[in-house]
Structures are given as structure tokens and as C-alpha cells.
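The following note is offered to a colleague who is meeting this structure for the first time. Please read the numbered points with the model in view.

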Amino acid sequence: MDLKKLLTNSRFMERLRGLRGAMQFLTTLPAGEIEYFDASVMVAWFPVVGLILGLITACFDFLALNVWAPSTVAVLDVVLLAALSGALHLDGLSDAADGLFSHRPRERALEIMKDSRIGVMGLVAVAACSGIKWGGLSGLEHHRFLAIMAAPALARGGMLFGMKFLPYGRPSGTGGSFFEKPLPTKAFFPMAIPVCLCLGMGAAGVMTIAAFAVSTFTLLAFYKAKMGCITGDMLGAMNEVNEALALLMLSGAWT
């Protein structure tokens, strides 16, 4: 198919709009105002958007290491990742922690998650997760560029499992759009990108994939037992936990 036919192919253009929509939804990158919101098309692009964020961060990291020490650059990397996503997932992490660890009934916990104010558990969760990311980035010695690319992609792909296996916990909301249709198996195909990147890093990558699988399963089991559902905040928390865990595992002694 030549370029002209490709650009006039409605299915191809719909997928490109899905990528743009995913970037608009998940990032602060200059992709324009949200004009297209087809959640069923957008969601498959989540790992690709994570890869783009990882690539930007990895390029910044490569340049910054010529100026500052790795521990300093690690702090800047964490800040950059938060800025590129508009702290969307960190906000979800703080809200989810406040609600899930409030020891309140399900409905009250959901109300707490909607509260814009951050509580003690939310603050602790954000600080702990950011600290783990900093520790992982500081300790990266091998495959540093690939690791920084892979972690955000793997983490954003992890959210697909929450959409696949748990019902949405609110009667309405932006996150509910991603639960209106059953998530097809083909939506998981882009997960092959971060998985292949991890496999290219040898033992560290294999350990990271295993840890990602355990973490995702554990979080989903916890969500099901605690709430019987999932929300946008809980998806954001999944992303942050898996991103921090991936960076930690990729910097381990098994590299």
C-alpha cells in the first residue's frame, strides 16, 4: 500500500487518532486539545505512549549525565516523568492510597478517593514510590537507556489488565469510558514492545517481567478483595507501583 492510500485508509487514520488521543489523555506533550476520545481504540496505545515518555526521559538522562552525578540525574528523571504525565498517575496513587487504607466501607472509600485533598497515606505512598524510582534510577549501571525506556511502557501496559479483569467502580466518570466495551485480546499486542525491550536486557529484564506479573496479579487480587472493582485512581496507582518496581528490578544485582 503506497503512502497516499495509507493516509486515506480510514482504519489506519482511526488508529493514528487513537494514538494522539492516548497522548492527549496520558501526557502533557503538545498534541493539541482532546478532539477524539474512543477509549476502545486509545487503550491499546497506552504502552506506546509509555515508550514515548520513556524515550524522552532516556534522552534527557543521557545528556544530563554529562553534567551531574547519577544520583542528581535520577531526581531530575523522576521529576521529568511526573511532569510529562501531568502527575496524573501520582495523583491517582495518592487518592487510591487514602481511600484503600482508610479502613472505611467501600462506598466511603470511593468518596475519599474523589476528594482532591491529600491525606497522610497518600503522601506516604507518593513519597515512597518516588523514592523507589530514585533508588532504581540511581543504581542503573547496565542497559540504562533501554531500562528507562522500558519501565514507563511496561507500567502503562499494566493498566490494561485492570481494565480487562475488574469492573469499573463508579456509575460515571472519565475512566468509565475504558470499561464500556470488553477489552479485546489484540489490545494487549503492543505489550510485546516493553516485554521485548526487557528480554533484551538479559537476566534483569526476565526478573523484571516476572516481578511485573506478580505485582499486577497481587494488586488486582487486592483490589478485588478490598473493593470488588477498580477506578481511574486505582489504575494510576497500578502504573506508579509497576513503574517504580520495574526501575528497581532493572537496577538489581542480577544485571
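1. Aromatic pairs. Seven aromatic pairs are present in this predicted model. In one of them, the ring centres of Phe25 and Phe178 are 5.3 Å apart and the ring planes meet at 50°, so the pair is classed as tilted. Stacked pairs would need planes under 30 degrees apart and edge-to-face pairs over 60, so an angle between these limits is tilted.

2. What the pair connects. The two rings come from distant parts of the chain, 153 residues apart. Phe25 belongs to helix α2 (residues 10–26), whereas Phe178 sits in the loop between α9 (144–165) and α10 (192–199). Their surroundings should be noted separately: Phe25 is partly exposed, at a relative accessible area of 24%, while Phe178 is buried, at 6%. Together with Phe46, these residues make up one aromatic cluster.

3. The largest nonpolar core. Which residues touch the most other members of the largest nonpolar core? Within its 47 residues, they are Phe46, Met163, Phe178, Tyr223, Met227, Ile230 and Met234. Phe46 and Phe178 therefore appear both in this list and in the aromatic cluster of point 2, as the buried state of Phe178 allows. Leaving aside residues up to four places away in sequence, Met163 touches Val43, Phe46, Phe178, Phe179, Leu183 and Leu235.

4. The second core. A separate core of 22 residues is also found, with Leu137, Ala147, Leu154 and Leu247 among its members. In soluble globular proteins, nonpolar side chains tend to be buried together.

5. Helix α6. Is this helix enclosed or open to the surroundings? Of the 13 residues of α6, 11 are buried, so the helix is largely enclosed by the rest of the structure. The buried residues include His89, Asp95 and Asp98 as well as Leu90, Leu93 and Leu100. The length of α6 (residues 88–100) can also be checked: at 1.5 Å a residue it should span 18 Å, and its end C-alpha atoms are 18 Å apart, which agrees.

6. Two histidines with positive phi. His103 has a phi near 60°, a positive value in a residue other than glycine. His103 lies in the loop between α6 and α7 (106–114) and, at 69% relative accessibility, counts as exposed. His143 likewise is not a glycine, yet has a positive phi of about 55°. The location of His143 is the loop between α8 (120–139) and α9, and this residue is partly exposed, with a relative accessible area of 40%.

How values were computed. Residues are numbered from 1 along each chain as its sequence is written. This is a predicted model: local features need pLDDT of at least 70, side-chain atom pairs count only at pLDDT 80 or more; totals for chains, interfaces and linings use all residues. Side-chain values use heavy atoms; hydrogens and water are left out. Rings of Phe, Tyr and Trp (its six-membered ring) pair if their centres lie within 6.5 Å; planes under 30 degrees apart count as stacked, over 60 as edge-to-face and the rest as tilted. Helices (H or I, at least four residues) and strands (E, at least two) are DSSP runs, numbered from the N terminus. Buried means under 20% relative accessible area, exposed over 50%, partly exposed in between (1.4 Å probe, protein chains only). The expected span of a helix is 1.5 Å times one less than its number of residues. A nonpolar core is a set of buried Ala, Val, Leu, Ile, Met, Phe, Trp, Tyr and Cys residues joined through side-chain atoms within 4.5 Å. Contact means heavy atoms within 4.5 Å.
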